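Reader: I am in my first year and would like a close look at one part of this protein, namely its salt bridges. Please take me through them slowly.

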Amino acid sequence: MWVFLLPLVASIAAAESEPSRPNIVVVMADDMGWGDSATYGHPQIQTPHLDKLAAEGVKFTQCYSACGVCSPSRSAILTGRTPYRNGVYRHLSGNHAAHLRASEITYPKLLKSIGYATCHVGKWHLASKPQFNTADYPQPGDHGYDYWMATHNNAEPSHKNPRNFVRNGEPVGELQGYSAPLVASEAARWLSDLRDKSKPFVLSVWFHEPHSPIATDPQFRKLYDGHENATYMGNITQLDHALGIVLQALDQEGVRDNTLVIFTSDNGPVARFGGTTGGLRGGKRSDHEGGIRVPGVARWPGHIEPGTVSDVAVIGTDIFATVLDITGVPLPKDRTIDGVSMVPAFKGEPVERKIPLFWRTHVSPPADRVALRIGDWKLVGDETLTKFQLFEIQKDWKEEHDLAASMPEKTEQMKQRMLEVWRGIEAEGPDHWWKNERQQPTRGGKVNY
């Protein structure tokens, strides 16, 4: 009998000695600029927890959101697909048909299918307002989350005492406190009290800060007393404090060492509310760097060397492929996945892309409606795809020197690749949604998508 049992005992021992699948935590700020933290060089804003996270992992100097506005960039993180391809081509604040369709495959859904516990807390914004928390349209639970507490869009009436959270389909009512710490505390509660601790987990923590309407706890605002931007700067520190709550919960649960934590933002900042791009051109809604280059920090003990700084260009769509890569789940074969695994970039090594980095933002200024980046070259196109600007972005990170006229051959090469990528997206995405858009073109434009 022992002869027959020995192989079984050996296989069980081997399985028990193998490391368990890593946990995944994705933390996202809302409208946080590339220059809105000490981590990225702001001389006054205090972000000790983000600073520490970067010191313990990798800081990306060229991390991008997938769009210059929120809903599209969020959809790209979950699906690995550029927004017009997955259908969430616009911000979903009013009454629009677009939403994150049930046919889209999200990484929480895939990881749930292999035994992960899954949770989403914070902003959702992947359905229009009339579609949120209704049975007729997909909700967070339909996209793979076992447990969720979310708002449709912004915290209302502001970050202070928000009253529009819904928990697993049930309205929560008014909460006392400030949004980011409330969201972080719910994440910590799920980690400590509610999740199935026999399973690995996926946790999405999507803060509202520093999106307007801004409200800042006096304890954080007073750090900047006398500064004209004290409310906004304190709001970033409020967000950072909330990040600390999440990181502390991971430590207390003893899961820090087997957890990949990614921190980023959904798009660039709004200058009139106090946000800063750190010198990048443009801001939220733009496809220049200020609208799409965002903070990007990752920590994965034992896999990412502490204190790494990587200038490899990565994008929100890469989170999907990265998560599948490190958990051993194959990429879907029945659809285009735009993102690639960031694992090489964790070490500062280049990633290989079949599809270039691509952006299209429906509410951008007409002159920078689309953008494409290949290597160090970035092409910015107008809404009609007939006028183009060319930048060598690694050298000219402020996009001050348009090389289109002096380098016509390179410009034409990039233009043809951009048009090829866009034609593929048009063929695959639900273009009836954006081609029937009722919103009028903005800022003197001709095209409203």
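Author: A salt bridge is counted when a side-chain nitrogen of Lys or Arg lies within 4 Å of a carboxyl oxygen of Asp or Glu. Side chains of opposite charge can pair when their charged atoms come close. The model is predicted, and every value below is computed from it.

Start with the pair Arg-373 and Asp-376, whose side chains meet in a salt bridge at 4.0 Å from N to O. Arg-373 is buried, with a relative accessible area of 5%. Asp-376 is partly exposed, at 34%. The words depend on cut-offs: buried means under 20% relative accessible area, exposed means over 50%, and partly exposed covers what lies in between.

Next comes Glu-104, which forms a salt bridge with Arg-101. The closest N and O atoms of Glu-104 and Arg-101 are 2.8 Å apart. Glu-104 has a relative accessible area of 2%, so this residue counts as buried. Arg-101 has 18% and is buried too, because the cut-off for that word is 20%.

The pair Asp-257 and Arg-256 also forms a salt bridge, with 3.4 Å between the closest N and O atoms. Asp-257 is exposed, with a relative accessible area of 53%. Arg-256, at 23%, counts as partly exposed.

Asp-257 and Arg-256 also belong to a network of salt bridges. The other members of the network are Lys-52, Glu-56, Asp-251 and Arg-299.

Now set these pairs against the whole protein. By the rule given at the start, the count comes to 33 salt bridges. The protein has 48 positive and 52 negative charges, and the mean positions of the two sets are 4 Å apart.

The chain around them has 13 helices and 17 strands. Of its 449 residues, 60% are buried; Glu-104, as said, is buried at 2%. The accessible surface comes to about 17,700 Å², and 52% of this area belongs to carbon and sulfur atoms.

What is the radius of gyration of the protein, and what would a compact globule have? The protein has 22 Å, which agrees with the value near 22 Å for a compact globule with 449 residues. The C-alpha trace spans about 80 × 55 × 45 Å along its principal axes. Among contacts between residues at least 6 apart in sequence, 68% join residues at least 24 apart.

Note on methods
Residues numbered from 1 in each chain as written. Predicted model: local features only at pLDDT ≥ 70, side-chain atom pairs only at ≥ 80, totals over all residues. Heavy atoms only, no water. Helix = DSSP H or I, 4+ residues; strand = E, 2+ residues; numbered from the N terminus. Rg over C-alpha atoms; globule rule 2.2 N^0.38 Å. Buried < 20%, exposed > 50% of the residue type's maximum accessible area, 1.4 Å probe, protein only. Contact = heavy atoms within 4.5 Å. Areas by Shrake-Rupley, 256 points an atom, 1.4 Å probe, with all protein chains shown as cover. Lys, Arg positive; Asp, Glu negative; His and termini not counted. Charge placed at Lys NZ, Arg CZ, Asp CG, Glu CD.
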